[in-house]
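User: I have a structure open on my bench computer and would like to go through its sheets and its inner spaces with you. Could we take it one question at a time?

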Amino acid sequence: MTKLFIQDLLNEMTLEEKLAQLTQLGPYYWGLDDTVDLTGPFKELNIKPHIMENIGSVLNGTGARNVIELQTRHLQTSRQKIPLLFMADVIHGFRTILPIPLAMGCTFDLEACERFAEIAAKESAAAGIHVTFSPMTDLVRDPRWGRVMETSGEDPYLNARVTESMVRGYQGKDLKEKGRIAACVKHFAGYGAPEGGREYNTVDVSSGVLREFYLPAYKAAVDAGVAMVMTAFNTVDRIPATGNEQLLRGILREEWGFNGVTIADFNSVNELIPHGAASGGSEAAEKSLTAGVDIEMMSTHYLNHGSDLVEQGKLDVALIDEAVIRVLELKDALGLFENPFKDADPQLDEATEPCAEHLQAARELGASSVVLLKNDNDTLPLKRGMKIGLAGPFATSVHVLGGWAGAEKEKDSAVSLYNGISQKTSVEDILTAMTGELGSMLEGVYDVEDQVEEAFHHLKDCDVILAAVGENQEDTGEGGSKTNLRLSANQEKLIWRLKDTGKKIVTIVFSGRPLELKPILAASDALLQAWFLGSESGNSLADVLFGDYNPSGRLSMSFPYTVGQIPVYYNAYQTGRPYDPQYPQVRYVTRYLDCPNDPLFCFGYGLSYSHFAYSDFAVEATDIIHASITIENTSEHAGKETIQLYIRDVSASVVRPVKELKGFRQLSLAAHEKQVVSFEITKDMLMFYGKDDKLIFEPGEFDIMLGRNSDDLFTERIWIG
């Protein structure tokens, strides 16, 4: 029920004031920077200067002093004294940069994901931010798309669990609590499936696929109480999401009961026009408001056309009132009417020394995000006192924070790999070569300078050689689509030439996406997927390399053999002519002639310095169905193992995936310790969307699978009625 004071505010507002409340603009429109000539921006968006007195929210206006100044000025001039909402893209940390979200998905650690968001919330709240455009929970299957770095991976179950954990971390139990901010889940819906992996391209998925794979994580955010939902740039069933009434009012509000605020992504109301879904600004505003978009971001069609639409009878003012009430209720939930500055704290925001507690957390989160992909003959961990060679464009680089890396002033603050290693062993024992950094493709740079022979001769007498390779962080994230996922030619050449030394080669891959690693796999005695780990990157990696942290990461996204396999993912639908590896010469089945169907490294895959044995798999089907298995650490190293539960519906009224993740447990086991892990299997786990897009359960045979990853599993088939 709407609070009385909010209803009174609404009753006192003019239609123009209401439409302004539903508009979000960048901070430069308020003239905080004296060097900005506002004439151009105002003219471009057709804004009358007095309108600024009633604008509802600010995009990426950060810095506690700026926020306090702008909010103060706004409240002095605003007739209704309604405080501004300050929103920003806090994707993986603010002052302390944390691992990219795709790396965090690889932890399979939900407490860690909640801690991740809690740290980001505290730091951004001190800078005056009220809302973060996070978590991005788009399911992804195509690493050509640059924004895979912002999601937690290819699986709807894991994405849903990570999403709800992050919502709790940002929002806590009360948005008014110090250090809490509102979360905005994005991009609703299906944004992670652009054709060809090309940013802003067409998305075309069936209703069943949308509901089965892409919607569950958004739904988990709603169930966790997320405050806001952002619409996607793409179409859903041929209608742009920002003008899609069935998506926003039908599924989001009516089916799921979401009563929070919806916001268009940057300029996406206006983009209904180039989509061909609106003839001009008036129709774009009409369709977006009718569909259920509460806030228009960085375009002004609501402001410029809303009044005329109401007068012409094309738009019911009640829809505008509902949207305004939701915005005001969010401001009230944040406590802005009592304290319009909330947690903005110039002293905290401008502190010269980073928070030691947050840096330590970043270091731990980074270490737990690393995935060990190969470790022949126990090449890792390294031993102190070894003579270490270090080569490659990421050997000494501090540009390893990852895209969307928080406050601009922190861009070059990462701990390099060299500096991390030098804290573990004497600098006299570290030799470097060919450390020139890899530039960005956006600047026309596609490779590093060839100093391979110099590196070979300089490092050939080392005991072990680390090759730090990957992609430029600026070539990931939004607008970072690629068709070629291999390392650059000189990086591959470097690894193979270093292999000629006869020394052990440890390849460390820095990237924001799965890359094509088959070309360098045979040359690497050990292979670490390092991702972009943020502020403490070098320290996190050094902890793993020297065994102070036993790697526990598991891939949340499959790695292809080659880009030609994409999309390649573990939970594909069954086909009428499945490939059977026992009969590799059979032609007329779903297969490639020149490459396996399966990925190079599958979903859930990851090694450890420990060795875990699985035994005594059993499924008990009584009134309650339990699947259990015994895990034993057969090594001398304490370690963490992630046990994964998958289920396959053998026969159903619609085709089902070959397997689906339905649960996971993490066990920390001492050397030679043994434990039994048990999962309860409920009918809710076995439900799916039927022919009429309704959730149903059908009795029948099910394969129950437990194991260490999506490929290495024990299986038993049972009937469940």
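User: Which residue in E18 does Tyr614 stand opposite?

Analyst: Happy to start there, keeping in mind that this is a predicted model. Strand E17 covers residues 612-621, and E17 is joined to strand E18 (residues 625-633) by eight bridges, the two running antiparallel. Across from Tyr614 in E18 stands Ile631.

User: Why is one side of E17 and of E21 left without a neighbour in the sheet?

Analyst: Look at the strand order: this open sheet has three strands, E17-E18-E21, with antiparallel pairing. The twist in this sheet averages 15° from one strand to the next. Strand E17 (612-621) and strand E21 (674-681) stand at the edges, so one side of each has no neighbour, as each has a single partner strand.

User: Which are the edge strands of the open sheet of four strands?

Analyst: Here the order is E20-E19-E24-E25, again with antiparallel pairing. From one strand to the next, the twist averages 20°. The strands that pair on one side only are E20 and strand E25 (713-720).

User: What is the bridge partner of Arg648 in E24?

Analyst: Strand E19 spans 639-649. E19 pairs with strand E24 (residues 700-707) in the antiparallel sense, over six bridges. In E24, Arg648 has as its bridge partner Asp703.

User: Which strand gives the largest share of the lining of the second largest cavity?

Analyst: Arg648 turns up again here, as the residues lining this cavity include Ile647, Arg648 and Asp649. Strand E19 (639-649) and strand E20 (660-669) each supply at least two lining residues. With three residues, the largest share comes from E19.

User: How many charged residues does the lining of the second largest cavity have?

Analyst: The cavity itself has a volume of about 40 Å³. Among the residues around it are Arg656, Glu660 and Lys662, along with Met685, Leu686, Met687 and Phe702. By class, the lining has five nonpolar residues, no polar ones, and charged residues numbering five.

User: What volume does the largest cavity have?

Analyst: There are four cavities of 30 Å³ or more in the count. The second largest has a volume of about 40 Å³. For the largest cavity, the volume is about 80 Å³.

User: Which helix gives the most to the lining of the largest cavity?

Analyst: This cavity is lined by 14 residues, and the closest to its centre are Pro101, Pro135, Met136, Glu150 and Met166. By class the lining has eight nonpolar, five polar and one charged residues. Helix H5 (101-105) and helix H7 (156-171) each supply at least two of the lining residues. The most, three residues, comes from H7.

User: Is Thr96 buried or exposed?

Analyst: Thr96 lies in the loop between strand E3 (85-88) and H5. The cut-off for buried is under 20% relative accessible area. Because its relative accessibility is 2%, Thr96 counts as buried.

User: And which residues is Thr96 in contact with, leaving aside its neighbours within four places in sequence?

Analyst: A contact here asks for heavy atoms within 4.5 Å. With those sequence neighbours set aside, the partners of Thr96 are Glu123, His358, Leu359, Ala362 and Ser535.

Key: Residues are numbered from 1 along each chain as its sequence is written. This is a predicted model: local features need pLDDT of at least 70, side-chain atom pairs count only at pLDDT 80 or more; totals for chains, interfaces and linings use all residues. Side-chain values use heavy atoms; hydrogens and water are left out. On a 1 Å grid over the protein atoms alone, a cavity is a set of points where a 1.4 Å probe fits but cannot get out, and a pocket is an open set with protein on both sides within 12 Å along at least five of seven lines; lining residues have an atom within 4 Å of a point. Grid points are joined across faces, edges and corners, and a volume is the space filled by probe spheres set on the points. Ala, Val, Leu, Ile, Met, Phe, Trp, Tyr, Cys and Pro count as nonpolar, Asp, Glu, Lys and Arg as charged, and the others, Gly among them, as polar. Two strands pair if DSSP finds at least two bridges between them. Axes are lines fitted to C-alpha atoms, for helices over the stretch in contact, and angles run from 0 to 180 degrees between N-to-C directions. Buried means under 20% relative accessible area, exposed over 50%, partly exposed in between (1.4 Å probe, protein chains only).
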